[in-house]
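Me: I should like to examine how the terms applied to this model are justified. Please display it before we begin.

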Amino acid sequence: MSASSDRIRRFAALVRKESYQAVRDPSTVLIAFVLPLILLFLFGYGVSLDTTRTRVGLVMEETTPLTQALAASFQASRYFSVTTSQDRRVFEEDLVNGRIRGILVIPANFTTDYAAGNRPRIQVIVDGSEPNTANFVQNYAQGTVANWERQRQALVSEGSNTISIEQRFWFNPELTSRYFLVPGSIAIVMTLVGTLLTSLVVAREWERGTMEAMMATPVTAIELLIGKIFPYFILSLVSMTLCVLLAVFLFGVPFRGSVLALYALSATFLVPALGQGLLISAATKNQFLASQLALISAFLPAFLLSGFLFEINSMPTVIQWITFIVPARYLIPSLQTVFLAGDIWPMFLHSMAVMLLIGTVFFLAAARSTRKRIG
Amino acid sequence: MWWTRLRALIVKELLAVLRDPKSRAILIGPPILQLLVFSYAATLEVRNVDVMILNRDSGHWGQELVERIEGSPTFRRIEMAANPEQVRAAIDAQEVIAAVEIGPDFSRGIEAGTPVDLQLILDGRRSNASQIVSGYLTQIAGTLAAETPAGKRGAARTVSTIPRNWFNPNLTYQWFMVPNLIASIALLIGLIVTALSIARERELGTFDQLMVSPLRVHEILIGKLLPPMMIGLFHITAYILAAIFIFDLPLRGSLVLLYGSAIFYLASVVGIGLFISALSMTQQQAILGAFLFMVPAMLLSGFATPIENMPEWLQPVTLVNPLRYFLIIVKGVFLKDISLAEVVNQTIPLCLIAIVTLSAAAWLFRRRLE
C-alpha cells in the first residue's frame, strides 16, 4: 500500500508545485491568453484570402456604345474598383508602385472587330510580383467579359448553347476565408502554448540548474516530465476553449461537430506538441536556442507546412514528406472539419493515431535525453 | 578614444553571439533551411489534386469531358463515382477536393442544341484551393462547349482576353516568395539577437557593470545597435546571393538602393528590439516580447495578404510596421526596377520608426539608471 500511495502523493505534490509555478509566471499569461487573442484577432480580421474589390485601371482606347457597355459591366463587377482613362500610360506607374493591381485595355478597333466577327482582344495586364492577386484579376476579368458576352448574345437571341456550370461549395457556400482560417489558427495557438512555452520554461529550468535539483529527489524522470507538462496540457486546453468560444461567438464561425470530437482531437494533438517542447528543451538546455528551435521546428511548420495557408499537394515531393511529421498537418483539417462539416470519425481517428505515433517518438526521445544528462 | 571603447563593445557583442557553437549554428543553419523549404513550399498554386467524376450520361459528350479532365496536368487522380453517396463520402473525408456531376441529359442536350447544366461540388473547407480548381474545371468545360455544334456557330463572336503578367511573366511563385523571405529573415534575426542582448546581460548582472563603465548611454546603445545590424546585413546578403544564383530571380533595379534602404530597415528593426529589450526584465520576456511583435508584423505586412484587402480600420496599423515598407523595396528592386523616388518614399517611414524606437530605448535606459 505504502509504496504506490507514496508515489501518487509525491506525484500529486509535484503537479501542484508545477501548476503554481506555471500560473504565477507572467509569461504564461502572455502566451496562453494574450497571444492567442492577438492571433485569432489577426486571422479573423487581418488575414483575408477573400478577394475584395481589387483596384484596376480600365483603358478605353475608343468610346462607342459597345465599349461603354463592356466598361459598365467591369464597373458593376463586385470584384473590381475601376478607374477609367483613354491612355494606358496613365496607369503604368501606378501598376509599378502597386497602387493598382491590373490594367484592362479595350483596344481601339474593338467595335469594328466585334461587328466583323474578328475575335477582338482585351488585354489584361497584371502585377506579376503578386502572383495570387494577378491570378484573381486574370480570372475575374475573363469571367466578366464572358458574362457580358453571354448576356449580349441572349439579347441578340439565337439562344446559343453553352454548358452552364453550377458550382456548389459545400460547408462554406459563401467562401468566407475566415471560416477556415480561424479554426486553423487555433492549431497554431496550441502549438505556441504546447511547444514554445513548454520548451522555454523547461529550458530555463535546465539553465538555472533546478532541473538537476529535481532529479536528485526520489521522483523518476518520467514522473518529472509528466508533472512538468501537466499544467501546460491543461493550459493549452483552456486557451483552446477560449479561442473556440471567440471563433463561434465573435467571428460567427459555424460549429457543426461535437464538443467531444473537439477535445479528443485537441488533447491528442498536445501529445506531440508537448513532447516536442520537452525534447527541444532537453536538447538545448538554453532559452535562446530553445526559442529559436521551437520557432523553426514547430511554429513556422505549423504555419507553412500544415496545409493551413498553402496546399500540401502542390509542394515538391521532398517537402511533402517533411509535412508528414508536422503534427499540425493532421490537426488543422480535422479542426476545420469539426467546425464546418461535422463529425467525420474515420478521418479524426486516422489523424489522432498518427499524432499519437509522432508524440510517442518525441516523448521517448525527450525521456532518453533527460536521463542521459543525469547519468 | 570613444571609438576604441565603442569598437571594444562591438567586438564583445559579436563574440557574445558568435562564440557559442550552438548559437552560431542557429544563426546560420535554420535560415538556410527556411529559405530552401519555405520558398518551395509556400505556393498558392494548386497542383496534383484529386477529383471525382459522377458521369450519369451515357453519350459521347460526357465521355469526352471525362477524358479531357483526365488529360489535364493539374489533377493527379481522377476517381469515378457510381452514385452521389460516394461523392459525399469522398468530399467529407477530403479524399478529393472537387466532384463533377454530369447529368443524364448532357449529350442529348448538346446534340439538340439546348443549354445543359454541369454541376461542380467543391470542398469549402479549402475554399481558396477549391476556387482555383473550379476555375480549371470551368475552363475545360468552356473549351468543350466551344467545340459543340452550337458552340462552333457562336465562336466567331467570342471576345478573348490576353493575359500579360508584368514583372513576372510566368507568375513564378518563388519570385514572390524569396523577396518576402529576404525581408522577414532580417526581421526575425535582427529582432531576436537584439532583444536578447540586453536581457541576457541584465539576467547575468553584467548590464550594471556596463552602465558603470566609461561608456556613455548613447555609446552603449550604438554598441548594441551595430552588431545585430551587421548580422542582419550578412543574412540579407546571403539571401540575395541565393535569390540570384539558386532561384534565378532577375535583379532589375540597383543593389545600392537595396542596401541603402536595408540599413534604415535594420536600424528600425534593431530599434524595436532594443525597445523590447529595455522593457523586459528577463530573457524569457524578451523572447516573448519579440515574438509578440513579430507575428503581427508578418501578418500585417502585405506578405500573406495584400494590405488593401484588410478592413479599413486595420490598415492604419500597418503604417508602423517596418516590414511593410521594406517588402515593397525588396520586391520593387528585384522585379520592377522601382525609381529612386519610390525607394525614398518607402525609406522615410523606416527612418522615422528607427528614430522613435531608438530614442524611446535610450530614454528607458536613462530612466533605469536614475
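Me: Why does the span of helix H11 (residues 255-279) of chain B agree with what is expected?

Reply: The expected span of a helix is 1.5 Å times one less than its number of residues. H11 of chain B has 25 residues and should therefore span 36 Å, and its end C-alpha atoms are 36 Å apart, so the two agree. The model is predicted, and local features need pLDDT of at least 70, side-chain atom pairs count only at pLDDT 80 or more, and totals for chains, interfaces and linings use all residues. Residues are numbered from 1 along each chain as its sequence is written, chains are lettered from A in the order in which they are written, and side-chain values use heavy atoms, without hydrogens and water.

Me: What makes A:Asp127 and B:Lys336 a salt bridge?

Reply: The term requires a side-chain nitrogen of Lys or Arg within 4 Å of a carboxyl oxygen of Asp or Glu. The N to O distance here is 3.1 Å, so the pair qualifies. Between chain B and chain A the count is four salt bridges.

Me: How do you know that strand S5 (residues 163-170) of chain A and strand S4 (residues 116-123) of chain B pair?

Reply: Pairing requires that DSSP find at least two bridges between two strands. These strands have eight, in the parallel sense, and therefore pair. Among the partners, A:Ser164 is bridged to B:Asp117.

Me: What is the area buried between chain B and chain A?

Reply: Buried area is the accessible area (1.4 Å probe) lost by two parts on being put together, summed over both. For these chains the area is about 9800 Å², with 63% from carbon and sulfur atoms. In chain B, B:Arg125, B:Trp166 and B:Gln284 lose the most area to chain A, together 8% of what that side buries.

Notes: Helix = DSSP H or I, 4+ residues; strand = E, 2+ residues; numbered from the N terminus.
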